[in-house]
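Student: I have a new structure open and don't know where to start. Can we go through it piece by piece?

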Amino acid sequence: MIRRTARELVVQSLFQIDFSGCGAEDALNAAVEEQNTKDAVKAQSYAQKAVNGILAAMADIDAKIKEYSIDWDLERMPGVDRNILRLAVYEIYYAEEKIPAGIAINEAVEIAKIYGSEDSPRFINGLLGKMVRNDE
């Protein structure tokens, strides 16, 4: 459950960075404060590592998403979806401790059910599934 909380913190932080231009640390601190739970405080370390890793590899992560998002310009994609995808791609391909694709995709879909639109889970599942199948 701590990992799920960390992932939610990451998505919230990336969304805030996208739209306000604030720094990673400020965005994450705001997300932790907003959740205001013991789990959020425990999850902060992993979330910080993931946010920093995503920002460091953002150009590569975004290029990978663009490659598979046919008919969807990354900049016009809903911000929540874009940042959920960034987290999943990071965990599958770029994290020091890579997450198995099936787990990362499932987690992304579950987070999309909470934060995204009605179509977000299907869109995210389809894009990530296609990406993983083509990279095998």
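Student: Let's start with D18. Is D18 buried, partly exposed or exposed?

Tutor: This is a predicted model, so what follows is computed from predicted coordinates. D18 has a relative accessibility of 31%, so D18 counts as partly exposed.

Student: Which residue does D18 form a salt bridge with?

Tutor: The partner is R82, and the closest N and O atoms of the two are 3.0 Å apart. D18 lies in helix α1 and R82 in helix α5 (residues 79-94), so this pair ties together parts that are 64 residues apart in sequence.

Student: And R82, buried or exposed?

Tutor: R82 counts as buried, because its relative accessibility is 8% and the cut-off for buried is under 20%.

Student: How many salt bridges are there in the whole structure?

Tutor: A search of the whole structure gives 11. One of them is between the side chains of R7 and E107, at 3.4 Å from N to O. R7 is in helix α1 (residues 2-20) and E107 in helix α6 (residues 101-115), so that pair ties together parts 100 residues apart in sequence.

Student: Are R7 and E107 buried or exposed?

Tutor: Both R7 and E107 are buried.

Student: What about a salt bridge further along, say at D119?

Tutor: D119 forms a salt bridge with R122, with 3.7 Å between the closest N and O atoms. D119 is partly exposed, at a relative accessible area of 43%, while R122 is exposed at 63%.

Student: Which residues are joined into one network by salt bridges that share partners?

Tutor: R4, R7, E91 and E107 are joined that way.

Student: New topic. How many cavities of 30 Å³ or more does the search find?

Tutor: The search of the whole structure finds one. The largest cavity has a volume of about 40 Å³.

Student: What lines it?

Tutor: The lining of the largest cavity consists of R7, I84, L87, A88, E91, A104, E107, A108 and I111. Helices α5 and α6 are the elements that give two or more residues to this lining.

Student: How many of those lining residues are nonpolar, polar or charged?

Tutor: Six are nonpolar, none are polar and three are charged. R7 and E107, the salt-bridge pair from before, are both in the lining.

Student: I84 is on that list too. Where does it lie?

Tutor: I84 lies in helix α5. Its relative accessibility is 1%, so I84 counts as buried. The C-alpha atoms of I84 and V10 are 8.6 Å apart, and the two residues are separated by 74 residues along the chain.

Student: Switching to aromatics. How many aromatic pairs does the structure hold?

Tutor: There are two. The ring centres of F15 and F19 are 4.6 Å apart and the planes are at 40 degrees, so that pair is tilted.

Student: Where do F15 and F19 lie?

Tutor: Both lie in helix α1, four residues apart, which is about one turn of the helix. F15 is partly exposed at 33% relative accessibility, and F19 is exposed with a relative accessible area of 54%.

Student: What about the pair W72 and F123, how are those rings placed?

Tutor: The centres of the W72 and F123 rings are 5.6 Å apart and the planes are at 55 degrees, so this pair is tilted. W72 lies in the loop between α4 (58-68) and α5, and F123 in helix α7 (residues 120-135), so the pair ties together parts that are 51 residues apart in sequence. W72 is partly exposed, at 40%.

Student: Which charged residues sit over a ring?

Tutor: R3 lies over the face of Y46, 3.9 Å from the ring centre. The charged end of K64 sits over the ring of Y93, at 4.5 Å from its centre.

Student: Last thing, the backbone. What is phi of N36 near?

Tutor: Phi of N36 is near 50 degrees, a positive value in a residue other than glycine. Most residues other than glycine have a negative phi. N36 is in the loop between α2 (24-35) and α3 (38-56), and N36 counts as exposed at 66% relative accessibility.

Student: And phi of D71, what is that near?

Tutor: Phi of D71 is near 65 degrees, also a positive value in a residue other than glycine. D71 is found in the loop between α4 and α5. With a relative accessibility of 78%, D71 counts as exposed.

Conventions:
Residues numbered from 1 in each chain as written. Predicted model: local features only at pLDDT ≥ 70, side-chain atom pairs only at ≥ 80, totals over all residues. Heavy atoms only, no water. Salt bridge = Lys/Arg side-chain N within 4 Å of Asp/Glu carboxyl O. Buried < 20%, exposed > 50% of the residue type's maximum accessible area, 1.4 Å probe, protein only. 1 Å grid on protein atoms, 1.4 Å probe; cavity = no way out; pocket = protein on both sides within 12 Å on 5 of 7 lines; lining within 4 Å. Points joined across faces, edges and corners; volume = space filled by probe spheres on them. Nonpolar A, V, L, I, M, F, W, Y, C, P; charged D, E, K, R; others polar. Phe/Tyr/Trp six-rings, centres within 6.5 Å; stacked < 30°, edge-to-face > 60°. Lys NZ or Arg CZ within 6 Å of the ring centre and 35° of its normal.
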